[in-house]
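Biologist: I am new to this model and would like to understand one part of it properly before I look at the rest. Please take me slowly through the sheet in the first chain, and then show me what surrounds that part.

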There are 2 protein chains.
Amino acid sequence: MAVELYWGSGSPFAWRVMLTLEVKGLPYESKLLEFSKGDNRTPAYLELNPRGKVPTLKDGDYVLYESLAIMSYLDRKYPDPPLFGKTAEETGLIWQVLAECESYVVSAGDKVVRPIFSGKGLDKAEEISQAAETVRRELKMVDERLAGSQWLGGDNNSAADIGVFPLVQLLARAASKEAARPFNLGLLPLAQTFPNIARWAERIEALPNYQRTYPPHWRP
Amino acid sequence: MAVELYWGSGSPFAWRVMLTLEVKGLPYESKLLEFSKGDNRTPAYLELNPRGKVPTLKDGDYVLYESLAIMSYLDRKYPDPPLFGKTAEETGLIWQVLAECESYVVSAGDKVVRPIFSGKGLDKAEEISQAAETVRRELKMVDERLAGSQWLGGDNNSAADIGVFPLVQLLARAASKEAARPFNLGLLPLAQTFPNIARWAERIEALPNYQRTYPPHWRP
């Protein structure tokens with residue numbers, strides 16, 4: 001029986017898991033939740049995930065949430081190809097990149113992205129600008145890391161790449177919106193501001209079945 | 001050659017790594033940094049860890065920071081006893097607990113702990129109370145998880161326990177301070193508010209060599 005993935009279109013955290021499933025060639029049953037319809041607040045869903053967030057994975061009776069946890073589970077259960085390193089050194093680096101993303105990019109990124117997409121809090125220009133500065137500083141570090149390496153976690157595509165990529169995509173999309181204009185986000189065009197990230201993103205976009213993971217409501 | 005651990009007294013993140021080293025019985029060279037003396041801002045340290053934070057691990061030429069990354073590295077290199085699960089299901093649960101801790105406890109906890117220890121921002125009572133409410137809600141969930149299990153990540157002590165425990169200790173210590181009195185943090189006494197957490201903490205405190213990991217400046 002295929003695993004079930006509960007996800008939302010445009011959620012970078014769900015996107016990570018979809019990329020993991022595609023890279024490992026694992027079939028899955030797609031359960032697309034529409035937050036606007038309250039799909040994530042139904043009693044049935046809250047029983048699976050009391051936080052009402054995505055992604056959630058259901059594998060038989062086993063239920064798991066939090067994107068990095070799901071990726072770890074899938075990697076342990078289906079180790080080919082390994083996404084958390086072939087050596088202890090790679091494992092450490094991959095988790096370092098992911099921990100830095102979670103600790104420094106995610107919350108600052110949210111402060112930039114949320115007002116732009118929701119239209120709420122756009123008056124807090126100072127807060128948005130400060131968060132954007134943090135995001136730029138962090139992406140600069142990622143860009144520098146990619147100057148000397150094709151991938152973030154060693155010689156191969158890994159959980160570090162798949163984990164960071166959807167956040168970069170979300171930030172780039174937010175920055176391209178009309179509502180972002182008044183703020184000097186300084187993220188676009190990616191190829192100029194973060195050239196190594198731009199090339200790395202192309203490598204991820206070239207992965208087999210990448211297109212299947214692209215957020216449906218982002219398609220033209 | 002023993003690994004070198006750069007740490008700070010009372011840092012919950014460094015404490016995680018010390019517990020990992022002790023549980024695995026690994027010798028290490030202690031490099032205690034005093035933040036008040038700027039030990040973490042020296043050029044030599046910033047070369048190891050550009051963020052100037054702790055912990056940092058040095059194993060020969062290999063340098064790694066971010067506590068969960070270091071724990072993953074050590075577990076992969078010295079797998080006995082395994083701290084990230086014996087099965088995929090345990091691995092998933094352990095990382096779920098850790099991800100929830102990082103995403104929901106750490107930032108709220110910091111908003112409670114930092115003003116109490118630093119004496120700065122104590123006037124932001126509303127912010128502290130809100131953060132304390134988040135912390136209580138999260139610890140409630142941890143407490144409920146421990147109602148049915150001795151450990152957070154399965155049948156054995158794991159990275160989930162070692163990862164969450166120092167945060168709980170730090171919060172309890174902050175709550176016991178004079179500066180915390182004006183706020184109704186609602187965390188103490190732990191044995192009454194979160195009885196399962198209190199019993200679980202005793203189990204961790206009973207681990208061999210636990211005392212070696214206890215923050216020196218917390219000792220009576």
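Modeller: A good place to begin is the pairing of strand 1 with strand 3 of chain A, which run antiparallel and are joined by 3 bridges. Please keep in mind from the start that this is a predicted model. Within that pairing, Leu5(A) stands opposite Leu57(A), a residue of strand 3 of chain A. Leu57(A) also leads us onward, since it stands opposite Leu64(A) in strand 4 of chain A. Strand 3 and strand 4 of chain A run antiparallel as well, and 4 bridges join them. These two strands form a hairpin with 2 residues between them, and in this hairpin Gly60(A) takes a positive phi near 65 degrees.

If we now go back to strand 1 of chain A, which covers residues 3–7, we find that it also pairs with strand 2 of chain A, here in the parallel sense and over 5 bridges. One example from this pairing is Val3(A), whose bridge partner in strand 2 of chain A is Tyr28(A).

Put together, these pairings give an open sheet of 4 strands in chain A, with the order 2-1-3-4 and with mixed pairing. Its edges are strand 2, residues 28–32, and strand 4, residues 62–65, each of which pairs on one side only. On average, and with direction ignored, neighbouring strands of this sheet are turned by 20 degrees against each other. As background for reading any such sheet, the side chains of a regular strand alternate between the two faces.

What lies across the sheet is helix 3 of chain A, residues 67–77, which crosses strand 3 (56–59) and strand 4 of chain A and runs at about 135 degrees to strand 4. If you follow the chain beyond helix 3, you reach Pro81(A), placed in the loop between helix 3 and helix 4 of chain A. Asp80(A) and Pro81(A) are joined by a cis peptide bond, with omega at about -10 degrees. A cis peptide bond also joins Leu188(A) and Pro189(A), again with omega at about -10 degrees, and Pro189(A) sits in the loop between helix 6 (159–175) and helix 7 (190–193) of chain A.

Chain B can be read in a similar way. Here 4 strands form an open sheet in the order 2-1-3-4, with mixed pairing. The edge strands of this sheet are strand 2 (28–32) and strand 4 of chain B, each pairing on one side only. Its neighbouring strands are turned against each other by 20 degrees on average, direction ignored. Strand 1 (residues 3–7) and strand 2 of chain B run parallel and are joined by 5 bridges, and Glu4(B) has Glu29(B) in strand 2 of chain B as its bridge partner. Helix 3 of chain B packs on this sheet, where it touches strand 3 (56–59) and strand 4 of chain B, and its direction makes about 135 degrees with that of strand 4. In the loop between strand 4 and helix 3 of chain B lies Glu66(B), which has a positive phi of about 80 degrees although it is not a glycine. For comparison, most residues other than glycine have a negative phi, and most peptide bonds are trans.

Finally, the edge of the sheet in chain A brings us to the boundary between the chains. There, 29 residues of chain A are in contact with 29 residues of chain B. The two chains bury about 2,500 Å² between them, 54% of it on carbon and sulfur atoms. On the side of chain A, Arg51(A), Arg76(A) and Gln96(A) lose the most area to chain B, and together they account for 24% of what that side buries. Between the chains there are 4 salt bridges. Glu100(A) forms a salt bridge with Arg51(B), in which the closest N and O atoms are 2.8 Å apart. There are also 20 residue pairs in polar contact across this interface. The elements that give two or more residues to the side of chain A touching chain B are strand 4, helix 3, helix 4 (88–118) and helix 5 (125–145) of chain A. Helix 4 of chain A supplies the largest share of that side, with 11 residues. By class, the side of chain A that touches chain B has 12 nonpolar, 7 polar and 10 charged residues. Strand 4 of chain A is thus an edge strand of the sheet and one of the elements on the side that touches chain B.

Notes
Residues are numbered from 1 along each chain as its sequence is written. Chains are lettered from A and ligands numbered from 1 in the order in which they are written. This is a predicted model: local features need pLDDT of at least 70, side-chain atom pairs count only at pLDDT 80 or more; totals for chains, interfaces and linings use all residues. Side-chain values use heavy atoms; hydrogens and water are left out. Two strands pair if DSSP finds at least two bridges between them. Axes are lines fitted to C-alpha atoms, for helices over the stretch in contact, and angles run from 0 to 180 degrees between N-to-C directions. Contact means heavy atoms within 4.5 Å. Buried area is the accessible area (1.4 Å probe) that two parts lose on being put together, summed over both. A salt bridge is a side-chain nitrogen of Lys or Arg within 4 Å of a carboxyl oxygen of Asp or Glu. A polar contact is a pair of N or O atoms within 3.5 Å; within protein, one must be able to donate a hydrogen and the other to accept it, and residues adjacent in sequence count only if both atoms are side-chain atoms. Ala, Val, Leu, Ile, Met, Phe, Trp, Tyr, Cys and Pro count as nonpolar, Asp, Glu, Lys and Arg as charged, and the others, Gly among them, as polar.
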